Amino acid sequence: MTSTETADTIVVGAGVVGLAIGTNLARRGVRVAILDELPPASGASYGNSGFLVADTAMPVALPGMYRKVPSWLLDPEGPLRVRPNYLPSALPFLLRWLHSSRAAQVRLSSDAMRKLHEPTFDEWKALVGPKVYDSLIRRTGQVYLWEGEGASSTPMEDELRARHGINVEKLTPGDIQEIYPGITRDISRAMLIPGNGHTTNPGRLCGELLQAYLDAGGQVLHERVQRVWSSDGGWRLMTTSGQTRLSNRVVVAAGAWSHRLLKPLGIDVPLESERGYHVVLPNPSVELSMPILHKSGFFGINSMEMGIRLAGTVEISGLEATPDPVRCEVLVRKAKRLFPELRHDAPRMWMGHRPSVPDTVPVIGPVPGQPGLFTCFGHGHCGLTAGPASAKLVVQQMLGDEIAIDTEPYSISRFTH
Ligand SMILES: Cc1cc2nc3c(=O)[nH]c(=O)nc-3n(C[C@H](O)[C@H](O)[C@H](O)COP(=O)(O)OP(=O)(O)OC[C@H]3O[C@@H](n4cnc5c(N)ncnc54)[C@H](O)[C@@H]3O)c2cc1C
């Protein structure tokens, strides 16, 4: 086996996060290589809903949520599935997730998320340039919908929006009929978040980000990293190429697989895959002027270049289990209840891994006691939004820049101490 001095910095993972880190580094003159055995941005970064939620800073675990979990698990169309054989593995994560729903933690997590979400439009423009940005990103607003009776938001959701000065507009059922012709009359409540937006093609957007990275001089190597360890003041990576790669710094940005690289170093992070599904309905008879988050149906709908994309479901079944097509069928049934006249060509289904930590705050920064090792993963439901600002932050930390925000909430030490 040969050893090759590959780059000053190696980034593990070519999702949106790794590509954005690479682009920032290469533009600052750092010799950088991204290692990923899969084509760039073919994981969660490809298959997400495309929402850019600048004005959403809502942790997944909210106060009182534990009361809803049993009914979600029992509902075959519910938003949360845990495959019974995976329950023993998932339990520690689920318990920490419920623990994170305390009001004080929720406020801390929300503040940390806000700093990464709010700049998303500016950060995307800086990464891909104004021409690509204009062709792929729309700051249209986003609509939340509810069916049936009840409150539209919990008191904590209202509090967090007020805390961050987020503007929301209440919409009447009449407004909804006007904005979305053909929508069911069962929608009882709706809310517009004007500051949110979306991309019309997350895969193509990440492809443009890859191009920006290559244009800046970055290198991509199609190899899986099997092991990372420190040696002689630097880092060595055993990869599927059969070579041991050498570099001064390593950034672990391997999405839902990141904890596997850290575990042999004695670093245990509660990272879990929240598996999510999407269905693309090509040539749809309905076009949405703004994306929808159906809050009581727990799914999103977005008009994209390839058709309407429906996305949702949290399935806790680990990284290896085969996808469950029933989750996609549920999404299509829900969409047809929302738009009863919806017509389209044959649906295309997909499953991917949201890299999630219990407190919803990505794990960004240097790893204490491991000089030259950095992390940037754990973006859960919001990595397309938060990836660019997270990448900028970790690069600032690597290069010793002055940093305007408190970096402590993102540190891995919250799990390791
Ligand atoms: C259904 C669904 C809907 C979503 N909707 C939205 C949304 O609307 N808005 C939003 O902001 N976010 C959304 N997300 C979340 C978002 O897609 C993710 O948070 C984000 O893509 C994570 O990016 P990443 O780069 O960390 O991970 P990934 O895109 O998963 O990339 C990780 C990469 O690491 C590579 N890798 C893993 N292990 C190794 C190894 N050992 N060696 C080399 N490479 C390795 C993998 O091959 C992969 O390419 C959604 C996610 C899903 C699944």
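Two strands are said to pair if DSSP finds at least two bridges between them, and strands themselves are DSSP runs of E with at least two residues, while helices are runs of H or I with at least four, both numbered from the N terminus. The model on your screen is predicted, so local features need pLDDT of at least 70 and side-chain atom pairs count only at pLDDT 80 or more, whereas totals for chains, interfaces and linings use all residues. Residues are numbered from 1 along each chain as its sequence is written.

Begin with the whole chain, which holds 14 helices and 22 strands. Its C-alpha trace spans about 65 × 45 × 40 Å along the principal axes.

Next, select residues 225-231, which are strand β12, and look for its partner β13, with which β12 pairs in the antiparallel sense over six bridges. One pair to pick out is Val-225, whose bridge partner in β13 is Thr-239. The two strands form a hairpin with two residues between them, and Asp-232 in that turn has a positive phi of about 50°.

Now select β13 itself, residues 234-239. In a regular strand the side chains alternate between the two faces of the sheet. Here Trp-235, Leu-237 and Thr-239 make up the covered face, while Gly-234, Arg-236 and Met-238 lie on the uncovered one.

Finally, add residues 244-247, strand β14, which pairs with β13 in the antiparallel sense over four bridges. Arg-236 has Leu-246 as its bridge partner in β14. These strands also form a hairpin, with four residues between them, and Gly-242 in the turn has a positive phi of about 90°.

Methods. Buried ≥ 20, exposed ≤ 12 C-beta atoms within 10 Å, placed from the backbone.
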